[in-house]
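Colleague: I'm new to reading protein structures. Could you walk me through one, feature by feature?

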Amino acid sequence: AGAMAPVGAWAAATGGTAVLPWLMFLIVFMWTPPHFWALALFCKDDYIRAQLPMMPVVKGDAATLRQIVAYTIIVVAASLVVIFFGGGWLYAIAAAVLGAWFLVKSFDAMRQNNERTARGLFGYSIVYLFALFTAIIVDSLI
């Protein structure tokens with residue numbers, strides 16, 4: 001439901017929809033799993049005690065990390081498609097740099113499989129989404 005915010009806001013502001021808000025929806029939708037699974041990796045003991053079936057508890061760390069990498073690839077690809085539907089040069093640079101670093105952090109987390117890299121990935125995922133959407137706004141203003 002949270003991923004629908006760009007679509008709803010766009011429709012409210014313009015009276016219709018376009019490709020860009022749906023791409024923004026896709027970005028948030030595909031960003032959510034690696035964001036929350038990174039959190040679940042370093043909070044796994046809490047989920048076990050609470051008997052909550054988060055992916056690291058049910059499928060293990062290695063499977064979770066493979067899924068994180070797969071979803072990160074998809075979200076970065078979706079963020080680059082925005083370039084063809086309204087993203088300008090500033091957004092293109094931001095999406096490429098932010099996406100490359102998100103991929104590096106995801107692959108590092110998979111390779112190292114420790115709490116430090118999971119925490120780092122989780123923290124960066126927040127920065128990534130905020131910075132990416134900020135770049136969309138700023139780019140539309142220049």
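Colleague: Let me start with one residue: does His35 count as buried or exposed, and why?

Modeller: Good place to begin, and do keep in mind that this is a predicted model. To judge burial, we look at relative accessibility, and under 20% is called buried. His35 has 6% relative accessibility, so His35 counts as buried.

Colleague: Where does His35 sit, and which residues is it in contact with?

Modeller: His35 belongs to helix H2, residues 19-42. Setting aside neighbours within four places in sequence, His35 is in contact with Phe122, Ser125 and Ile126.

Colleague: Let's try Phe133. Which helix holds Phe133, and is Phe133 buried or exposed?

Modeller: Phe133 lies in helix H7, which covers residues 115-141. Because its relative accessibility is 16%, Phe133 counts as buried. Beyond its neighbours within four places in sequence, Phe133 is in contact with Pro6, Met24, Ile27 and Val28. By contrast, 34 Å separates the C-alpha atoms of Phe133 and Ala50, which are 83 residues apart along the chain.

Colleague: How do I read a whole helix, such as H6, and what span is expected for it?

Modeller: Start with the general pattern: with 3.6 residues a turn, an α-helix has residues three or four places apart pointing the same way. Now take H6, residues 89-112: its 24 residues reach 34 Å from first C-alpha to last, close to the 34 Å expected at 1.5 Å a residue. Its buried residues include Tyr91, Ala94, Ala95, Leu98 and Phe102.

Colleague: What covers the buried residues of H6, and which residue follows H6?

Modeller: The cover includes H2, H5 (61-81) and H7. After H6 comes Asn113, with a positive phi near 45°.

Colleague: Stepping back, how many helices and strands does the chain have?

Modeller: Counting elements gives the overall plan: there are seven helices and zero strands in the protein chain. The radius of gyration is 16 Å, close to the 14 Å that the globule rule gives for 142 residues, so the chain is as compact as a globular protein of that length. Along the principal axes, its C-alpha atoms fill a box of roughly 45 × 30 × 20 Å.

Colleague: And what percentage of the residues of the chain count as buried?

Modeller: Of its 142 residues, 41% count as buried. Contacts tell another part of the story: among those between residues at least 6 apart in sequence, 64% join residues at least 24 apart. As for the accessible surface, the chain has about 7600 Å², and 71% of that belongs to carbon and sulfur atoms.

Definitions and conventions. Residues numbered from 1 in each chain as written. Predicted model: local features only at pLDDT ≥ 70, side-chain atom pairs only at ≥ 80, totals over all residues. Heavy atoms only, no water. Helix = DSSP H or I, 4+ residues; strand = E, 2+ residues; numbered from the N terminus. Rg over C-alpha atoms; globule rule 2.2 N^0.38 Å. Buried < 20%, exposed > 50% of the residue type's maximum accessible area, 1.4 Å probe, protein only. Contact = heavy atoms within 4.5 Å. Areas by Shrake-Rupley, 256 points an atom, 1.4 Å probe, with all protein chains shown as cover. Expected span 1.5 Å × (residues − 1).
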